[in-house]
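Work through the exercises below with the coordinates open. Each task is followed by a solution in steps.

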Amino acid sequence: ATGRAVRTTATNVRFDGFTLETVNDSAIVSGGNYGGGSTNVDVINNRVIDVHSGSGLYTNGDPLTGRVLDWTVSDNLFRNINSASGSGINLWKATGGTINGNRIENSGFGGIQLNSSIDIEITGNHISNTADNGINVAASQGIEVIGNLINNANTSNNSSSAGLTLY
């Protein structure tokens with residue numbers, strides 16, 4: 001894809017079994033920055049490979065322009081997220097959801113990022129080779145991080161980054 005591969009502003013969506021390769025912007029997007037929010041979205045069993053700018057999956061919900069509610073991101077592969085600011089999964093300003101059983105390999109920034117999110121469960125993910133944090137949870141509440149495997153995170157040796165950061 002020459003830009004974003006998937007943008008959703010819909011309700012009750014299932015995105016299952018796709019391969020997205022060589023994407024020049026964030027591959028899967030939703031939220032206020034992208035024309036509106038989305039509710040009850042399942043992103044399951046997909047392969048996102050070679051993202052050159054942005055993240056594998058990026059949401060940016062906003063109470064005025066588009067909420068991002070009740071997302072399930074499960075059993076996906078995110079590989080070679082090449083942007084220095086890109087993560088495999090980046091749920092910003094999301095409310096309710098599960099991030100489970102994903103593989104994130106070779107990310108230019110982080111593995112899984114949450115910022116200003118509420119009630120998200122992060123379980124059973126395998127994250128390897130991230131330049132910054134493996135899992136980063138910032139300014140969020142009601143977040144559960146359980147049983148994830150993080151290998152070779154913070155390869156840039158940033159003093160404020162780690163395999164898991166919570167703040």
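**Exercise 1: contacts and core**

Task: list what Ile-99 is in contact with, leaving aside its neighbours within four places in sequence.

Solution. Contact means heavy atoms within 4.5 Å. With that cut-off, Ile-99 is in contact with Val-73, Ile-89, Leu-91, Ile-112, Leu-114, Ile-120, Glu-121, Ile-122, Thr-123 and Asn-125. The model is predicted: local features need pLDDT of at least 70, side-chain atom pairs count only at pLDDT 80 or more, and totals for chains, interfaces and linings use all residues. Residues are numbered from 1 along each chain as its sequence is written, and side-chain values use heavy atoms, with hydrogens and water left out.

Next, place Ile-99 in the largest nonpolar core, which has 28 residues. Such a core is a set of buried (under 20% relative accessible area, 1.4 Å probe, protein chains only) Ala, Val, Leu, Ile, Met, Phe, Trp, Tyr and Cys residues joined through side-chain atoms within 4.5 Å. Ile-99 is among those with the most contacts inside it, together with Ile-28, Leu-57, Ile-89 and Leu-91. Strand E8 gives the most to this core, with 3 residues.

**Exercise 2: pairing of E5**

Task: which strands pair with E5 (residues 38-44), and in what sense?

Solution. Strands are DSSP runs of at least two residues, numbered from the N terminus; two of them pair if DSSP finds at least two bridges between them. E2 (residues 11-16) runs parallel to E5, joined by 5 bridges; Phe-15 has Val-43 as its bridge partner. E8 (residues 68-74) also pairs with E5 in the parallel sense, over 6 bridges, and Thr-39 is partnered by Leu-69. Finally, check burial: 5 of the 7 residues of E5 are buried.

Key. Buried < 20%, exposed > 50% of the residue type's maximum accessible area, 1.4 Å probe, protein only. Helix = DSSP H or I, 4+ residues; strand = E, 2+ residues; numbered from the N terminus.
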